[in-house]
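The exercises below ask you to read a protein structure step by step, with the sequence and the model in view. Try each task before reading its solution.

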Amino acid sequence: MVNYKELGLVNTREMFKRAVAGGYAIPAFNFNTMEQMQAIVQAAVETKSPVIMQVSKGARNYANATILRYMAEGAVAYAKELGCEHPEIVLHLDHGDSFELCKDCIDMGFSSVMYDGSSLPYEENIKISRQVVEYAHKYDVTVECELGVLAGVEDEVVAEESHYTKPEEVIDFSTRTGCDSLAISIGTSHGAYKFKPEQCTRDPKTGKLVPPPLAFDVLHEIEKKLPGFPIVLHGSSSVPQDEVDTINKYGGNLPDAVGIPEEQLREASKSAVCKINIDSDSRLAMTAAVRKYLAEHPDHFDPRQYLKPARENMKKMYIHKIVDVLGSNGKLAQ
Ligand code: G3H
Ligand code: 13P
Ligand code: ZN
């Protein structure tokens, strides 16, 4: 058993309080590889931003849970080496689907966990969420829970259609679970295909899809019920068109990929939304850079040659999100 405080990590409590009061959001970036970790830390240090590094069940299967935990410990040391005296880095479990998985992460040094019971019946979701919160709080680990179902695939959680969070349930849910933050469903979803073409309109000039707006009315209702309570948005990649175009130009095939417009995420960041989850945009940035590099250098085969521009492209994207969308730059406590 190792406590995250021994590793120099922090939980989300204080940073969320400041984010809600200050009208900005903390970036939660998924990582599976060393290059993603390096790019996240470099971006957070250069912008003086707190950051959440999150690990999904799929990431644990891909990279090995122990390795990812040591990478997060390394991230703290690396941030200091880059000149940040007091980095605020959270190691968070993304979409934990059982009490046992959440406990395992807490025991190995995670500072925050998500228990995602959103696909379960309401009372069952409350019961397991409560169990996770009771265990986590013994170690001062913060817990995110979810109410409402996102469209698409959430690890093994599959939703046929989007079910927005019901504002009338949020007080009962947050009180009975004791969760520290609440992930809600207001129209975002995971992946690079967030909307079907028939849900969108088409920009007559560019021919690109324009997605329907997020349900800000639902978000505002929830904020009224839970004033100042930290709200989380999953599925918040914007699916930048330039990265999609690069991928398609160099042999990829991502027709009609569409994400959440950044203006809407900027607007959400000013509200009680204080954590915004981004994974797909990092995948797109990495893939675009690798495809371009390999197409332009068919004789190269050293992974460092193509992973370097991939890392640089992800870092550029992370900095853009922090500075131009979420507004968490310059928000370290000290
Ligand atoms: O919410 C899902 C995240 O993007 C993680 O995805 O399960 O493929 O690692 P993954
Ligand atoms: P995206 O697929 O939109 O990047 O969402 C990531 C996410 O919600 C991770 O939990
Ligand atoms: Zn998610």
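Two strands are said to pair if DSSP finds at least two bridges between them. Keep in mind throughout that this is a predicted model.

**Exercise 1. The barrel**

Task: Work out in which order the strands of the closed barrel run, and in which sense they pair.

Solution. Following the pairing from strand to strand, we obtain a closed barrel of 8 strands in the order S1-S2-S3-S4-S5-S8-S11-S12, and the pairing is parallel. Neighbouring strands of this sheet are turned against each other by 25° on average, when direction is ignored. As a worked pair, take strand S3 (residues 89–96) and strand S4 (residues 112–115), which are joined in the parallel sense over 3 bridges. Within this pair, Leu-93 has Val-113 in S4 as its bridge partner. The outside elements can then be added: helix H7 (residues 170–177) lies across strand S5 (142–147) and strand S8 (181–184), and its direction is at about 150° to S5.

**Exercise 2. Helix H2 and its surroundings**

Task: Describe the length of helix H2 (residues 34–47), decide how far the helix is enclosed, and find what covers its buried residues.

Solution. We begin with length: H2 has 14 residues and reaches 20 Å from its first C-alpha to its last, which is close to the 20 Å expected at 1.5 Å a residue. The next step is burial, for which a residue must have under 20% relative accessible area. By that cut-off 12 of the 14 residues of H2 are buried, so the helix is largely enclosed by the rest of the structure. Among the buried residues are Glu-35, Met-37, Ile-40, Val-41 and Thr-47. The cover over the buried residues of H2 includes strands S1 (26–30) and S2 (51–56), together with helices H4 (65–81), H11 (280–296) and H12 (303–326).

Two neighbours in sequence complete the picture. Asn-32 is placed in the loop between S1 and H2, and this residue counts as buried because its relative accessible area is 19%. Leaving aside residues up to four places away in sequence, Asn-32 touches Ala-59, Tyr-62, Ala-63 and Leu-68. After H2 comes Lys-48, whose phi is positive, near 55°.

**Exercise 3. The zinc ion**

Task: Which protein atoms are the donors of the zinc ion (ligand 3), and how are the donor residues spaced in sequence?

Solution. The protein donors are NE2 of His-95, NE2 of His-190 and ND1 of His-234, lying 2.1 Å from the zinc ion. Written along the sequence, the spacing of the donor residues reads H-x94-H-x43-H. His-95 belongs to strand S3, whereas His-234 sits in the loop between strand S11 (231–233) and helix H9 (241–249), and this pair links distant parts of the chain, 139 residues apart. Turning to accessibility, we find that His-95 counts as buried at 6%, and that His-234 is buried with a relative accessible area of 1%.

**Exercise 4. Salt bridges**

Task: For three salt bridges, including the one between Glu-134 and Arg-130, state where the partners lie and whether they are buried or partly exposed.

Solution. The count for the model comes to 22 salt bridges.

1. The side chains of Glu-134 and Arg-130 meet at 2.9 Å, N to O. Because these residues are 4 apart in helix H6 (residues 122–138), they are separated by about one helical turn. Glu-134 is partly exposed at 43%, and Arg-130 is partly exposed at 30%.
2. Lys-208 and Asp-245 form a salt bridge of 3.7 Å, N to O. Lys-208 lies in the loop between strand S9 (201–202) and strand S10 (209–210) while Asp-245 is in helix H9, so the pair ties together parts that are 37 residues apart in sequence. Lys-208 is partly exposed at 33%, and Asp-245 is partly exposed at 35%.
3. Glu-262 and Lys-321 meet in a salt bridge of 2.8 Å, N to O. This pair links distant parts of the chain, with Glu-262 in helix H10 (residues 262–269) and Lys-321 in helix H12, 59 residues apart. Glu-262 is buried at 16%, and Lys-321 is buried at 1%.

As a last step, look for residues that are joined beyond a single pair: Lys-5, Arg-13, Asp-140 and Asp-180 are linked in a network of salt bridges.

Methods
Residues are numbered from 1 along each chain as its sequence is written. Chains are lettered from A and ligands numbered from 1 in the order in which they are written. This is a predicted model: local features need pLDDT of at least 70, side-chain atom pairs count only at pLDDT 80 or more; totals for chains, interfaces and linings use all residues. Side-chain values use heavy atoms; hydrogens and water are left out. Helices (H or I, at least four residues) and strands (E, at least two) are DSSP runs, numbered from the N terminus. The expected span of a helix is 1.5 Å times one less than its number of residues. Buried means under 20% relative accessible area, exposed over 50%, partly exposed in between (1.4 Å probe, protein chains only). Contact means heavy atoms within 4.5 Å. Axes are lines fitted to C-alpha atoms, for helices over the stretch in contact, and angles run from 0 to 180 degrees between N-to-C directions. Donors are N, O and S atoms within 2.8 Å of the metal (3.2 Å for Na, K and Ca); water is not among the atoms, so sites may look incomplete. A salt bridge is a side-chain nitrogen of Lys or Arg within 4 Å of a carboxyl oxygen of Asp or Glu.
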